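Here are my notes for you, written as numbered points. Keep the viewer open and click along as you read.

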Amino acid sequence: MQRSEFLLLVGVAAGVLLALYADAHHTKPIILEQVPTSQEEVLSELLVGDLIEAIPLVIRQTAFQPELDPEEWYGTDRKLTDFEWDALAQLIMAEARGESFEVQYYIACTVLNRADSSLFPNTVAGVIYQTQPIQFYGAWTSERYEPTDTVWEAIQMALEENRTPSDLFYFTSEGWLPETEPWKRVDGMWFSRQGD
């Protein structure tokens, strides 16, 4: 078998695996009528550059990560895989590395709330890498961050005690999202609940 045939076979196999994963984790997407312009610009930039570089990370998460028992972390009842810990920490660093502990905690709670809701994928990794539409632009950057201790603590606290409304699904640094119910503004981030 020639190298080009082998690469084609690998590409087809990866595509099939991704299609099967997407079909198995399909949920009705929540499409907002209006996306802030700056996010549209960010997405178009990501599609040109970072998204291509991020694809291997997503393939590793969706297709090649074995079914592992979740790792226990500091005795919490809820368990995440090592990959999910890393993905959630990277998301928080990308979206709120300059923000307070409280903001980082609420972002972790938002992701956990989505994983618990029937409106979104049922795993933390599935929520973070959800498409149609892309929910968390920060997850699609190829830049890697060294998580701070406060990020790990924020995730830990969210796992131990999520004190947010169960329908807190959205956050943005652009203001309240259309068609959502405002919940709280903390520093430079707006958090909102599922609208009616």
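1. Which residues does Phe136 touch, not counting residues up to four places away in sequence? Have a look before reading on. They are Leu91, Glu95, Val111, Arg114, Val127, Ile128 and Phe171. One thing to keep in mind throughout is that this is a predicted model.

2. Let's stay with Phe136 for a moment. You'll find Phe136 in the loop between helix 6 and helix 7. Is Phe136 buried or exposed? With a relative accessible area of 3%, Phe136 is buried, because the cut-off for that word is under 20%. Its contact Phe171 sits 35 residues away along the chain, and the C-alpha atoms of the two are separated by 9.4 Å.

3. Now zoom out to the whole chain. There are seven helices and three strands. Starting at the N terminus, the order of elements is α-α-α-α-α-α-α-β-β-β. Of the 196 residues, 42% count as buried. The chain exposes about 11100 Å², and carbon and sulfur atoms supply 52% of that area. Contacts are worth a glance too: take those with a separation of 6 or more, and 64% of them come from residues 24 or more positions apart.

4. Next, the inside. In soluble globular proteins, nonpolar side chains tend to be buried together. Here, the largest nonpolar core holds 44 residues, and the members that touch the most others are Ile107, Val111, Ile128, Ile155 and Phe191. Which elements give two or more residues to this core? They are helix 4 (82-96), helix 5 (101-116), helix 6 (124-128), helix 7 (149-160), strand 1 (168-172) and strand 3 (189-194).

5. Pick out Phe191 from that group. Leaving aside residues up to four places away in sequence, Phe191 touches Val103, Tyr106, Ile107 and Thr110, along with Leu168, Tyr170, Phe171, Trp176, Pro182, Trp183, Lys184 and Val186. Phe191 is also the bridge partner, in strand 3, of Phe171. Remember Phe171? That's the residue we met as a contact of Phe136.

6. On to the sheet. Three strands make an open sheet in the order 1-3-2, with antiparallel pairing. Why is one side of strand 1 and of strand 2 (180-186) left without a neighbour in the sheet? Both stand at the edges, and each has a single partner strand, so one side of each stays free of a sheet neighbour. From one strand to the next, the twist averages 30 degrees.

7. How many bridges join strand 1 and strand 3? Four, with the two strands pairing in the antiparallel sense. Two facing pairs to click on: Leu168 stands opposite Arg193 in strand 3, and Tyr170 stands opposite Ser192 in strand 3. Strand 1 may be an edge strand, but strand 1 is mostly covered, with five of its five residues buried.

8. The other pairing joins strand 2 and strand 3, antiparallel again, over six bridges. One example is Arg185, whose bridge partner in strand 3 is Trp190. These two strands form a hairpin with two residues between them. In the turn, Asp187 has a positive phi of about 50 degrees.

9. What packs on the sheet? Helix 5 does, touching strand 1, strand 2 and strand 3. The direction of helix 5 makes about 135 degrees with that of strand 1.

10. Helix 5 also contains Asn113, and I'd spend a minute there. Its relative accessibility is 5%, so Asn113 counts as buried. The side chain of Asn113 reaches the backbone oxygen of Pro165 at 3.0 Å. Apart from residues up to four places away in sequence, Asn113 touches Asn162, Thr164, Pro165, Ser166, Leu168 and Phe169.

11. Last stop: Gly126, in helix 6. Is Gly126 buried or exposed? Buried, because its relative accessible area is 5%. Ala115 is 11 residues from Gly126 in sequence, and their C-alpha atoms are 7.9 Å apart in space.

Methods:
Residues are numbered from 1 along each chain as its sequence is written. This is a predicted model: local features need pLDDT of at least 70, side-chain atom pairs count only at pLDDT 80 or more; totals for chains, interfaces and linings use all residues. Side-chain values use heavy atoms; hydrogens and water are left out. A nonpolar core is a set of buried Ala, Val, Leu, Ile, Met, Phe, Trp, Tyr and Cys residues joined through side-chain atoms within 4.5 Å. Buried means under 20% relative accessible area, exposed over 50%, partly exposed in between (1.4 Å probe, protein chains only). Contact means heavy atoms within 4.5 Å. Two strands pair if DSSP finds at least two bridges between them. Axes are lines fitted to C-alpha atoms, for helices over the stretch in contact, and angles run from 0 to 180 degrees between N-to-C directions. A polar contact is a pair of N or O atoms within 3.5 Å; within protein, one must be able to donate a hydrogen and the other to accept it, and residues adjacent in sequence count only if both atoms are side-chain atoms. Accessible areas come from the Shrake-Rupley method with a 1.4 Å probe; for residues, only the protein chains shown count as cover.
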